[in-house]
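Me: Here is a model to go through. Let's take the surface patches, then the overall fold.

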Amino acid sequence: MAPKRSTDEAQHDHPETQAKKAKKGFSVGPATLPDGTYRRKVQKIKQDLIRKAKVKKSYSKLKEREPVDTKPSVYTLTPPPEEPSASLELHPERQAMLDEPEPAPREQIDTQQQVLRGRKPPRPKSVPFRKEALLAQQRREENERRQKEFEEIRRQRQAKIEERERFRKAMAKARSGGRDGQRKLGRESKVLLEKVQRIMGP
C-alpha cells in the first residue's frame, strides 16, 4: 500500500492552488431573479451599499492623512468666551415712553375705535348646526302649543262632565217625590230653564 502524502507535498504539486483566490463579490437577494421590479430593487440596494462603503473608505483615508484639528468641537463642554455685559441703562426713547403718563381710558377707547375703523367689522361667529337648532326650537314651541291646546280641551271636557253630573243630580232631586210622593216642579223648572238657556246660547 502506498504511503499517504503529507499536506506539504500536496501543495508543492499544484502551484495554481497556492495562488491567491480571487474574492467573490457579495450578493444581495436570491441569485436567480427574473427581470422586473423586484430585481431592479435588489440591484439598487446593492449599488447603494457599494457607494456607502466607498464613501466610508475614502473618509477614513482622509481622516488618516489630515492632522487632528486643535479647534474645539461644537460638542465639547468648554464655556464660551465672556462677552462684555450689556449696560443696564435704558435707551433714551424707551425711557421717554416710560416717563409719559398713561393715557386716560377715554383716549384708549378712541385709539381702539381708530384701529377698528381701518378694518372691516368682525364677522359674527358661525354657530354650528344653526338650522338644526332653529328646527328643534320650532318643534319645542309647536309641542308646547299642542300641549296647551290639549290641556284646554281636557279642562273644557272635564267642566262639561261636571256640569252634566250636577244637572243629573239636580234633576234626580227634583223628580224624587216629596212628602206626599209628588214631583217638585219648582226645582225641576229651574233646572230645565238652565238647560234651555245653555242650548239657546247667550
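Me: Which residues form a nonpolar patch on the surface?
Reply: This is a predicted model: local features need pLDDT of at least 70, side-chain atom pairs count only at pLDDT 80 or more, and totals for chains, interfaces and linings use all residues. Residues are numbered from 1 along each chain as its sequence is written, and side-chain values use heavy atoms, without hydrogens and water. A patch takes residues with over 30% relative accessible area and no salt bridge (a Lys or Arg side-chain nitrogen within 4 Å of an Asp or Glu carboxyl oxygen); nonpolar side chains (Val, Leu, Ile, Met, Phe, Trp, Tyr) are joined within 5 Å, like charges within 9 Å. With about 260 Å² of accessible area together (Shrake-Rupley, 1.4 Å probe, only the protein chains shown as cover), the members are Phe26, Ile45 and Leu49.

Me: Is Ile45 buried, partly exposed or exposed?
Reply: Ile45 lies in helix H3, residues 37–65. Helices (H or I, at least four residues) and strands (E, at least two) are DSSP runs, numbered from the N terminus. Buried means under 20% relative accessible area, exposed over 50%, partly exposed in between (1.4 Å probe, protein chains only). Ile45 has 40%, so it counts as partly exposed.

Me: What is the relative accessible area of Lys57?
Reply: Lys57 is also placed in helix H3. Lys57 counts as exposed because its relative accessible area is 54%.

Me: How many helices does the protein have?
Reply: From the N terminus, the elements run α-α-α-α-α-α-α. There are zero strands, and the helices number seven.

Me: What share of the 202 residues counts as buried?
Reply: The protein exposes about 21100 Å², with 56% supplied by carbon and sulfur atoms. Of its 202 residues, the buried share is 3%.
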